[in-house]
Amino acid sequence: MMPAGLTGSKRTGAGLTLGPLLFHWPVEKRRDFYARIADEAPVDCVHLGEVICSKRAPFFEREIPAIAERLKKAGKQVVLSTLALVTTEREIAEVRAACDAGYLVEVNDVSCLRVLGGRPHVVGPLMNVFNEGALSYMVRGGAVRVVPPPEVSAAGIATLARAAQGMDKGAMDQSVEIEAFAFGRQVLSIAMRCYHARSRGLTKDTCQFACEADPDGLPLATIADEPFGVVNGISVLSHGYVAAFAQMAPLAAAGVARFRLSPQDCDMVAVAKLARSVLDGAREPTSALAELRPLIGAVPVVDGYLRGVSGRETIPA
Amino acid sequence: MTGELPTPVHLLKFALHALPPPLMQPALEGVMRAMERQHEKLFRRLCKLAPARILFVPDDTPQAFLLDIAAERLRLEPAARDAKADVAIKGRLAALLALMEGRVDSDTAFFTRSVQLSGDTAIAVGFRNTLDGENISLMEDALASVKPLEEPGRKLVLRLDRRLGRVRAGMERWRDGVHARAHGGHDPAEEHAAVEGEIAGLRKRLAQLEATVRRRGAGGEKAA
Amino acid sequence: MTKYLELVCPGGTPAAFRASVDAGADTVYCGFRDVTNARNYPGLNFDREEMAEAIDYAHQRGRHVLIAINTFPRAGEMGPWRQAVDDAASLGADAVILADIGVLDYAASRHPELRRHLSVQAGASNMLSLDFYRENFGISRAVLPRMFELREVASLVARMGVEAETFAFGSFGTMTEGRCILSSYLCGKSPSSDGACAPAECVTYAERDGEERVLLGGMTMNSFAPGEPASYPTPCKARLMVRGEPMYIFDEPEGLNAHDILPRLKEAGVTALKIEGRQRSRAYVTQVVRTFRAALDALAEGRPVPPADLVGITEGGKESLGAYRKGWR
């Protein structure tokens, strides 16, 4: 599972994961995106599958096998992410289908655990695994990798990573891996209502895929013009991108096995290269951050949750 | 619904206008000591909020009050309307009293904008929630604190309370014209006017009592 | 179908607890005075002695007590939650309301005899999730999230295999409970681990241009003209700028009142109705509980349900059927 052949004092053996695409991009754009990831991005694992809205899923579903094949050929593990909010029979059927599609599955709703019935899986950041008690239960239930929720601080992630090492070997006969969210917008809320639809005076059922117009989310600001977050269908995401370059080495030292990069509408190959070089000890976190800024335009970089303060806090200068 | 009992408030407002400054402080001091005696547990819980200075600013009286909470004591004193405090709670006197006695819900008071906060919101909320943990009647406590007033004063207030209990629902509708029209056949306004008349009479009697207290106070006998 | 729907009412303070019992609650839910419960606001909740007294007060009158231990412990800090579960058991609570999988696991293995209810914070939003919690942690009841239409509630209740408790009155957000961290994003404190959404310590009010501004963690959530009804300063009730226009993008400031659909909730097979509001006062508790007591008694006895007049104490001064209403989403 780990990239081989890493040496050097600052190098960590930690891997990189490209998380599921949370936005509704047109099929063409997605196809190109994953082709480039397969060919150029130094990530070890790529998540496919729709997390936010079941109405979006059909647009990309039939592309998944071919893209997964190409990613595997490029040496990347493929994980199929599942829905964050499951309520209808159709959505339950989708979760069942995902669990039987032959991929390692990422659980984002408790229902998926019930379907898996102990088969190996990844527990995604939308599950509430806040503490070692919940982590231990997940491991006994077949979790091979767990991504703590965005709210957990770096210290909390380190505590979980240390606890994980002491736990019994999980379903894949290896210690459960802790994966930390390291780049992109954090999911702050999930709802039954679609706010993209509501912003256009529509409902979830009549949404006309309003979310497609905002490939990086629809910005929200307070009435005093302070940035609040972005709407993405039924979810609200952080207004800033997380960039956890500074926390990568200490977290890896605490036993964090992987770092997640969440796809944003920017050059993700370049982002992955920056993250890889920080993990390899080839770049200082501060210089990686400086190189990141031009890649992400005006989007601020936040890391408040990792520091145990308000999530919206930007990285101190 | 507001849950306010307006009549005792009229009396209190009257007292606030009538009480000469030298008597105000002992009276407030008395209220606090009475509360300490009668609600010891509440008193202890309030002291846990220390240090905190809460300013009450009634819209409809010239006088504001400062509650100074320290580790072992509560002190209530007359204060300027812009006195320095951690948090100021503003609203009509009736709304402030109703809020403190738990007769009106604080969130309701906020939703309806009948009470406004400025400053440290946590202190105000902690104070309100702590106060709501026990049934208190500030009126009763206040009366209990001013010995000479106690018996006749209590009778007056109880009488008014009974009278008001009967017309309270009607008064609430009276305040809300829409409701008043919807409840035809019953004229709360008329009943309210009758109560107002009764209050005027009682006020006069209270004024006489007040005068007695004032004379005794001037004679050196300290209230409770 | 049960004749009497169980009326589950808030006990934020010892006095509000007694008010709930006196006004006709069948069951009162409450929490310890710490981070283990989702209404961890200043001046609220119970120390151990107060909890013992409250349980005694309720039991003497034949009522039940549920202790909410429904937050998510932070890594390495499970002690207080375990202690809370142990104490709930030893104090004789009739059930605990739990959300975190680690806490559920602890309670199920250490106190199998103590009834476990699944908190709304666990966000069980479908049959499979309910099955998961029932099979793994032996829950006896689940509090359903405030996100279903009436027909969906009925469909779940018919199949869920444990008792269903649904919300009948009080404030509600549009986000799935237990899955919203907007509050901690803005002010550092969240319902998940701190037990408080938009806590008072993070809220400030400021007068500006004749309007009252409400700020959370220094961010402006709303601004009210004089006399305009206000709502909670929670992020999901914020008035925000969307494509340059101010709007309530998540939800209007309004509160839930399911009084008008009580017969239909009963027909659906719901066991218990929950009144929200541990953060609210005795006055609120008394008024709401009395109203619903009268309604449930009438319903059980086949009389017409008397009308309710609760709009005055409702958030934003406006009532709604919330998600129960078709088309809400």
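Hi everyone, let me start with one residue: A:Tyr34 is buried, with a relative accessible area of 3%. Before I go on, please keep in mind that this is a predicted model.

So who sits beside that tyrosine? One partner is A:Phe33: the two ring centres are 5.0 Å apart and the planes stand at 75 degrees, so A:Phe33 and A:Tyr34 make an edge-to-face pair. A:Phe33 is buried as well, at a relative accessible area of 12%, which falls below the 20% cut-off. Both residues also belong to a wider group, since A:Trp25, A:Phe33, A:Tyr34 and A:Phe60 form one aromatic cluster.

How many aromatic pairs are there over all chains? A search of the whole structure gives 17.

Here is another of them that I like. A:Phe59 and A:Phe209 are also edge-to-face, with 4.9 Å from centre to centre and 80 degrees between the planes. This pair links distant parts of the chain, as its two members are 150 residues apart. A:Phe59 belongs to helix 2 of chain A, residues 58-61, while A:Phe209 lies in the loop between helix 8 (195-199) and strand 9 (218-222) of chain A. Are these two buried or partly exposed? A:Phe59 is partly exposed, with a relative accessible area of 36%, and A:Phe209 is partly exposed too, at 24%.

Let me step back to the whole chain for a moment. Chain A has 11 helices and 14 strands. Of its 317 residues, 64% are buried. If you take the contacts in chain A with a separation of 6 or more, 68% of them join residues 24 or more positions apart.

Now for some helix packing. Two packed helices are described by the angle between their axes and the distance between the axes. My example is helix 7 (residues 154-165) of chain A against helix 9 (residues 245-254) of chain A: the angle is about 25 degrees, and the axes are 8 Å apart. Angles under 35 degrees count as roughly parallel, so helix 7 of chain A is roughly parallel to helix 9 of chain A. The crossing of these two helices is right-handed.

Which residues make the contact? From helix 7 of chain A we have A:Ala154, A:Ile157, A:Ala158, A:Ala161, A:Arg162 and A:Gln165. Helix 9 of chain A brings A:Gln247, A:Leu251 and A:Ala254. By character, the residues of this contact divide into six nonpolar, two polar and one charged.

That's my tour, thanks for listening!

How values were computed:
Residues numbered from 1 in each chain as written. Chains lettered and ligands numbered in written order. Predicted model: local features only at pLDDT ≥ 70, side-chain atom pairs only at ≥ 80, totals over all residues. Heavy atoms only, no water. Axes fitted to C-alpha atoms, helices over the stretch in contact; angles between N-to-C directions. Helix = DSSP H or I, 4+ residues; strand = E, 2+ residues; numbered from the N terminus. Parallel < 35°, antiparallel > 145°, perpendicular 65-115°, else oblique. Left-handed = near helix turned anticlockwise from the far one by under 90°. Contact = heavy atoms within 4.5 Å. Nonpolar A, V, L, I, M, F, W, Y, C, P; charged D, E, K, R; others polar. Phe/Tyr/Trp six-rings, centres within 6.5 Å; stacked < 30°, edge-to-face > 60°. Buried < 20%, exposed > 50% of the residue type's maximum accessible area, 1.4 Å probe, protein only.
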